[in-house]
Amino acid sequence: MSSRPAVRRLGRMSEIAQVAAKHGFGYLFATRGPAAVRSRLGREVAVEDEGSPRGQRLREMLDELGPTFVKFGQLLSTRPDIVPPDIVFELKALQDAVSPFPFDQARAVVEEELGLTLEQLFLEFDEKPVAAASIGQVHRAVLPNDKRVVVKVQRPSAPRQIEADLELMYQLARFARERVSALEFIDTVAVVDEFARSIRQELDYRIEARNAQQFHRNFAGRPHVRVPRVFWSYSRARVLTLELLEGVHVRDVDLEKYTLEERRRLAYRIAEAWMAMIFRDGFFHGDPHPSNIMVLEQSDQIGLVDFGTAGQLASDDTSKLTGLFVDAVNQNIEALPRRLAALGVRYPKEMEEEFVSELREIYYRYYGATLAEIDPIQVIREVFALIYRMRLTLPTRFIVLDRAIATLGSVGMELYPDFNVFEVAKPYARELMIERFTPQRVAARLQHEARNYAGIMLELPYQVHDVLQEVRDGQIEVGFRHQGLDDLIKRMDIVFNRLGIAMVAVGGAVTSGILAATIQGGVEILGVPLVAAVGLFLSTILSIWLVWGVLRSGRL
């Protein structure tokens, strides 16, 4: 029995190798050694951004390998810091659309999770799902209190299949790190770690339910945005029940039925919802895809769905983002690298000037233009190319934010050609900047900083004690390396030598004087005892030598 999982893994690995070979990546599994892999991959990387057959083949390969690999490709499409731009654009085309699983399996999952039969739980439950994805599918239903809801049901095989694929991904990541030299600057295992955390969270619908509840709370009282209510008694780890929103998904909107002004209002209403999430709440929907935004039956309202991906920003992050935005609006390009560094973006210090130059070039090329006047795909391509070329390291929370804003801009452009996300964000940023300096916010910041400093002062004696204990135990070693101090040390050597000679000369003279006064009788020279006379003579010679050395050096 224990050999069956190993056999299944071997079979799946063989399937991956066959699919990779089919799409032109078979050389990654060749046994001819790392050199062959590096050589071939080098030719692959040489492909220009304008044409990316390698990206297309990679997308098709991931699509064929199944839902887990599709989601992994979607994650890679949000990492321009580690994936070349041409591949990023190809991977963005991956669609998480799969065939629905049988209704009998959906029934079994719901009844197992909620502990009652489907007939006891719901007045109605549509057998045909309205949407299907890699992890689950959505059915319409009616609760006993006549509330119309949607029920998201997880695929029975999803956890087992995902865990098996993750194990294989870790093996492939270690393989790539060891054999593919072009990927040396990427921690491939860490990328799989990030993906594993993300997809395992999606397997627990209670996390999505908490996200939905938080959004529902944040938008309470805001008339133009609706977030469905969570029915907790009908929700578990594999079942999520939400209020049904009646309307049309933005992807299905017939734009010809809308006037240009109506399309403009819709685009800006969607953008304003996300600006409120980012700048006011610090908690935002991470995937503003047209499938996740609805135009409700009331024409002045939009609805949000699918809360599996959410981003969170601390108040400090929001303030720093506001400063970044204000500098961008005020054309203060030189400050942007520092602003990005404060947000946790890492780049080689020696490349800062080049970074500023590249940012300035991109900025002035497109600043003030509407999306109708430029090619947005080209702008994104240039930014991604810069990120990849400079190997910037982006914090995960900002990767989600970047993806959300980029998707938001794309949706806005589809609805209204002259859409400009800066116009929507500007008043929110200005309001937040003003709010930062209100007496209440200043007092709160001072109180926060005072607590931090108090904590540091309380910890300081213990930290000093720990350091002294480590010094005593020999656990701390101090190394010192000097540069450019040779001349100084040489001069100090001379000074100390002269000082030593002077002390010997003075000491000899004093000692000789004492001897001359105390010795009675014996051999004398000019009335001075012989021992004292020799001492005085030597002291005089040393003194003359010292004076001559000082005069010769030119320093008195």
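Two bridges join strand E1 (residues 124-125) to strand E3, and the two run antiparallel; within this pairing, Phe-125 stands opposite Ala-141 in E3. The model is a predicted one, in which local features need pLDDT of at least 70 and side-chain atom pairs count only at pLDDT 80 or more, while totals for chains, interfaces and linings use all residues. Residues are numbered from 1 along each chain as its sequence is written, and side-chain values use heavy atoms, with hydrogens and water left out.

Strands here are DSSP runs of E with at least two residues, helices are runs of H or I with at least four, and both are numbered from the N terminus; two strands pair if DSSP finds at least two bridges between them. The pairings of E3 are set out below.

| Partner of E3 | Bridges | Sense | Opposed residues |
|---|---|---|---|
| E1 (residues 124-125) | two bridges | antiparallel | Phe-125 and Ala-141 |
| E2 (residues 131-132) | two bridges | antiparallel | Ala-131 and Val-138 |
| E4 (residues 148-154) | seven bridges | antiparallel | Gln-137 and Val-153 |

A hairpin joins E2 to E3 through three residues, whereas the hairpin of E3 and E4 has five residues between the strands, where Asp-146 takes a positive phi near 70°. Strand E3 (residues 136-142) is largely enclosed by the rest of the structure, because five of its seven residues are buried, that is, under 20% relative accessible area, with exposed meaning over 50% and partly exposed in between (1.4 Å probe, protein chains only).

Elsewhere, Leu-468 is found in helix H18 (residues 439-472) and is exposed, with a relative accessible area of 56%.
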